[in-house]
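Look at the chain from one end to the other before reading on. The paragraphs below start with the overall fold and its annotated spans and then turn to single residues.

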Amino acid sequence: MTCHLQTKLLLSSLLHPSVYSFDGIVVFGLLYICTCAYLKKVPRLNSWLLSEKKGVWGVFYKAAVIGTRLHHAVAITCLSMALYLVFLK
């Protein structure tokens with residue numbers, strides 16, 4: 001039983017070697033910022049999701065503000081991250 005469990009853990013570590021990698025966190029952050037910036041353009045979702053500016057719901061608002069004000073930097077970062085993931089990783 002223990003050998004079977006060790007084999008299962010070894011196979012799972014080979015299939016997913018770095019679950020919490022830096023590039024994964026960067027991709028998640030970029031997707032989050034881009035999604036919130038897109039949701040800010042939708043009127044119904046803007047009033048419902050992005051109305052709070054403080055607390056837990058304020059994180060959506062702050063990400064939307066980053067996405068709209070720094071859209072050039074976010075776009076360049078998305079493009080460079082895509083090129084990195086496709087060609088270098």
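How far apart do the end C-alpha atoms of residues 59-87 lie, and what percentage of the span is helix? The end atoms are 32 Å apart, and the span is 97% helix with 0% strand. This model is predicted. The span was picked because of a record: in an unreviewed entry, UniProt lists residues 59-87 as a "transmembrane region", together with residues 20-39. In residues 20-39 the chain is 90% helix and 0% strand, and 27 Å separates the end C-alpha atoms.

The rest of the protein can be read against these two spans. It has five helices and zero strands, so written from the N terminus the order of elements is α-α-α-α-α. Of the 89 residues, 18% count as buried. The protein exposes about 7,400 Å², and carbon and sulfur atoms supply 72% of that area. Among contacts with a separation of 6 or more, 64% are between residues 24 or more positions apart.

One residue gives an example of such contacts. Ile-33 is placed in helix 2, which covers residues 22-41. Is Ile-33 buried or exposed? With a relative accessible area of 17%, Ile-33 is buried, because the cut-off for that word is under 20%. Apart from neighbours within four places in sequence, Ile-33 is in contact with Ala-63, Ile-66, Gly-67 and Val-74. Take Gly-67 from that list: 34 residues along the chain separate Gly-67 from Ile-33, yet their C-alpha atoms are 5.5 Å apart.

Now consider the cysteines. How many disulfides does the structure hold? The number is zero. A disulfide needs two cysteine sulfur atoms within 2.5 Å. For Cys-34, the closest cysteine sulfur belongs to Cys-78 and is 3.8 Å away, so the pair is too far apart for a bond. For Cys-36, the closest cysteine sulfur is that of Cys-34, at 9.6 Å, which is also too far for a bond. The two residues can be compared by exposure as well: Cys-34 is partly exposed, with a relative accessible area of 33%, whereas Cys-36 is buried, at 2%.

The last stop is on the surface. Which residues form a nonpolar patch there? They are Leu-79, Leu-83, Tyr-84, Leu-85, Val-86, Phe-87 and Leu-88, and together they have about 740 Å² of accessible area. One of them, Leu-85, lies in helix 5, which covers residues 71-88. Leu-85 has a relative accessibility of 34% and so counts as partly exposed. That value also fits the rule for patches, because a patch residue needs over 30% relative accessible area.

Definitions and conventions. Residues numbered from 1 in each chain as written. Predicted model: local features only at pLDDT ≥ 70, side-chain atom pairs only at ≥ 80, totals over all residues. Heavy atoms only, no water. Helix = DSSP H or I, 4+ residues; strand = E, 2+ residues; numbered from the N terminus. Buried < 20%, exposed > 50% of the residue type's maximum accessible area, 1.4 Å probe, protein only. Patch = residues over 30% accessible without salt bridge, like charges linked within 9 Å, V, L, I, M, F, W, Y side chains within 5 Å. Areas by Shrake-Rupley, 256 points an atom, 1.4 Å probe, with all protein chains shown as cover. Salt bridge = Lys/Arg side-chain N within 4 Å of Asp/Glu carboxyl O. Contact = heavy atoms within 4.5 Å.
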